[in-house]
Amino acid sequence: MTLIKEIDFGTPESKSEKMITLTIDGKTVTVPEGTSIMRAAMEAGTEIPKLCATDSVKAFGSCRLCVIEVEGRNGTPASCTTPVAPGISVKTQTPRLAAIRRGVMELYISDHPLDCLTCAANGDCELQDMAGAVGLRDVRYGYDGANHVFARNSGEINFDWKPKDESNPYFAYDPSKCIVCNRCVRACEEVQGTFALTISGRGFDSRVSPGMDEAFFESECVSCGACVQACPTATLTEKSVIEIGQPEHSEITTCAYCGVGCTFKAEMRGEEVVRMVPWKDGKANHGHSCIKGRFAYGYAHHGDRILNPMVRESIHEPWREVSWDEALTFAADRLKAIQAKYGKNSVGAITSSRCSNEETYLVQKLVRAGFGNNNVDTCARVCHSPTGYGLNQAFGTSAGTQDFDSVDDSDVILVIGANPTDAHPVFGSRMKKRLREGAKLIVVDPRRIDLVRSPHVEADYHLPLKPGTNVAMVTALAHVIVKEGLVNEAFVRERCDQDEFRDWADFVAQDRNSPEALESVLGVPAADIRAAARLYATGGNAAIYYGLGVTEHAQGSTAVMGIANLAMATGNLGRRGVGVNPLRGQNNVQGSCDMGSFPHELPGYQHISGEKAREVFEKDWGVKIDSEPGLRIPNMFDSAIEGLFKGLYVQGEDILQSDPDTRHVSAALANMELVIVQDLFLVETAHYAHVFLPGCSFLEKDGTFTNAERRIQRIRKVMSPKNGYGDWEITQLLANKLGMNWSYVNPSEIMDEIARLTPSFAGVSYEKLDRDGSVQWPCNDDAPDGMPIMHINGFARGKGKFVITEYVATDEKVGPRFPLLLTTGRILSQYNVGAQTRRTENSRWHEEDVLEIHPHDAEERGVRDGDWVKVQSRAGETTLKAVVTERVATGVVYTTFHHPMTQANVVTTDNSDWATNCPEYKVTAVQISVSNGPTEWQEKYRELSESARRIATVIDAAE
Amino acid sequence: MSHNSVDKLVKMANQIASFFCAQKSGDPVAGMAEHLTKFWEPRMRAEIIDHVAHGGAGLEPFAIEAIKRLPAVSTAA
Ligand code: SF4
Ligand code: SF4
Ligand code: SF4
Ligand code: FES
């Protein structure tokens, strides 16, 4: 194992197809037009000294270290800013160039501390490297004059010196080491798109400064770390590097947080992570990341982590630490007893979107082959199940149609119910980059999300619809497209079912579906809807990105089909720059769905009633599989309350916190005789558990995740599991206690089994992933290298299906008792229920969940910014602090659900999507009033959490 | 409790009906029946079939029609 060092070509790649041939140091080189001479040289293997250039940002030409000579031209141009030209002959090293470079370096070093031996960047400093490269041997100027290095110059205060800024918990800024190369500023602008950094002052006075000379933590900075990565010196450095030292080896792995699926180099010293550096060759992230993936991995070492298995007879007792064998025997015996007493169908399992494909696959296999039923579901139920259903109806596959890179070719971007800069930050940055290049933007969201207006990005149309009216909006947009003759008829004729199209067109064309007729339902001016529809239909390549704001509704599936209708009607499918793109929440939502986590589907979306598909699995597994669909999560809960469902195995999910209507969920859990929780921490669900199996983090096991673009990527073990086993091993141990006789020794064998049984994964193996880095399924004989863009020559189902999308108002209506609509979302620094991120320094950015309320609604209720307010719905009530803001419209309030004490889901109801039972998180009718502290429920819950987390002190001999 | 759960199933069935009864192409009633067969666990189907046999209180006529087309379910085990 070695430390992976990527080549820095100095300037970004040119996309031109025209090739140019030139000579560099006598060697012939051919590169695309627009390539810099610096990059061309590097491609030919010659590294020209450089400081202000790096290939993640555009060339700047300030340091003058990269000078070259071009035969027949005067002077010594900078190779980073000089493009190649046909036939020129370049020299990268001459006595004149060497002298210039030494002079440049001498000046830099004369204003730079010489404490290399004790510097955190020692061994990883480009300034050091360049001093070596140019042969700098002595520095003639001393520090006596003006400098930025010392706090005092011969006893006098040095006003040019600035102290370190250590306000950010993850990285430090030491201005005394800055060479003002501007790389950080450009990274923040070009890569991240936040524009948090500027160079203040001029000439000798110029300094990097976050915002208006603020501390990093106080500034606009979102702590993505792009500037730290771009900095050639120790000026911006990870605090972990300062503490630990330079890494010695690295492994490529995949972020375990969101559906973007950024890949990282986990840079290690022994088994200790020194830092996570986004991998340049990562096809989802291209060397960028957000705060979560880069910095928030510390939860793996958090003191709350449970490392020993535990059991208890009843949930009122304290936990007892026991050996693995005892815990697993306890679990298996109870499972068997429950099935004997209440029947085969009285038990089930929930798979996790945070666990690997292999782990998810094993859990569903345990259910189908071991429990003998199909009672397996996944938390994707509560987020993107309508995507699966809706897209499958329309196109014949339930996945997003594009890869992330496709956005580079989009001319119009329509974002519906998604907040990419917070929930999918790295893709959000990509999208912003394309918007800065001129693509048009339409945002459909009740809230004024950041994209609507942020530095250098502004939505052309923001349609702030009332929560719960997506279907009406999509239909109104379709109305305009059909009535104004904007349908792409050739596409529809060739690709879609004609009868269904005509029925749909007749339906949307009805007057009652016009923007004018729906204006009062939607709360959006009809003219804006018309203009947005025209832009989407006629603005060139138009892509739709949508998120949970579309799916988590009573009509979630209908809205997804409506979105598919729009794309088909305008011909925006089957090529780059277009498509229908669900932005998945958790990292492996796609994978957990692919792996057969749903009660009606075997891996690869093969319906359980299909004889043929079942037979393949039955032969391989040597068991009979039930042909009837099993219980979905909400059905499990209902069934538990009826006393029919008694045992549940939950892997890596916190259903008590993440699922709606907390009271209902807790009543259901309390009614079960066995709840097995496998997780890192005593999560909220564990309050109701009888067996706790300690799980491990993504750093401690091998496996694969599949991101929102269907990209399968490896996670690699960089440290031994602190709890003793990878999660897949734990499932195997449990299965074997139930007599399954599994003998997987490596997750790669599980992947081989998946490939053997699932047509769309036939070509996937660890070997292929190790070789190619990643692959986007389907990957089989028809598409040996996977499929970045789907439906190129026709839809998977044959003809595209238009579906009539009749708007039905949700049951959650505002009335005199509950006059406001509550909608929920997430923020950048926290992740889902926050079990991991809350246990890192990320919490400093989001210490509690707050309620956003419009000034008008606040005033009516006497609520001031920062007040405690009570949120009441028909399901329950909770309290949190109010933030008065115009981000939300009047009549709408908004909160996040990252903290357990907020208990936002006490308020959400059991309404759900008609097709999939995906809960309607996004709309709850509520009342808000000023309050003076936590509700009784919150107090009781606090007590419960304390008592349910008790662990009995045992005599140290369990194992 | 059991009463409560039928109420839930009725609500879900009506929601499903409101989607399918808006469809024009094909046979929307069959579409709804297929949906129930594909996604509802047998016990849930048995319960709603039974509810329809007892008059189907609260169900939309369209939903009743679709449920009537469901084959009987055996819920042994
Ligand atoms: S961490 Fe990211 S957002 Fe913050 S200043 Fe650096 S590049 Fe900009
Ligand atoms: S902080 Fe680093 S990247 Fe930014 S200007 Fe200074 S040396 Fe360059
Ligand atoms: S949380 Fe998402 S965007 Fe951030 S690093 Fe991880 S995969 Fe990338
Ligand atoms: S690297 Fe070219 S001028 Fe700095």
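A residue counts as near a molecule if one of its heavy atoms lies within 4 Å of it. This is a predicted model, in which local features need pLDDT of at least 70 and side-chain atom pairs count only at pLDDT 80 or more, while totals for chains, interfaces and linings use all residues. Residues are numbered from 1 along each chain as its sequence is written, chains are lettered from A and ligands numbered from 1 in the order in which they are written, and side-chain values use heavy atoms, with hydrogens and water left out.

**View 1. The surroundings of ligand 3.** Of the 13 residues around ligand 3, those that come nearest are A:Cys255, A:Cys258, A:Gly261, A:Cys262 and A:Cys290. Helix 7 (291-295) and helix 12 (425-436) of chain A each supply at least two residues of this shell, helices being DSSP runs (H or I) of at least four residues, numbered from the N terminus.

**View 2. The surroundings of ligand 1.** The residues around ligand 1 include A:Phe171, A:Cys188, A:Leu197 and A:Phe216, as well as A:Cys221, A:Cys224 and A:Cys227.

**View 3. The interface of chain B and chain A.** The contact (heavy atoms within 4.5 Å) takes 36 residues from chain A and 28 residues from chain B. Across this interface the rule finds two salt bridges, each a side-chain nitrogen of Lys or Arg within 4 Å of a carboxyl oxygen of Asp or Glu. In a salt bridge, the side chain of B:Lys8 meets that of A:Asp638 at 2.9 Å, N to O.
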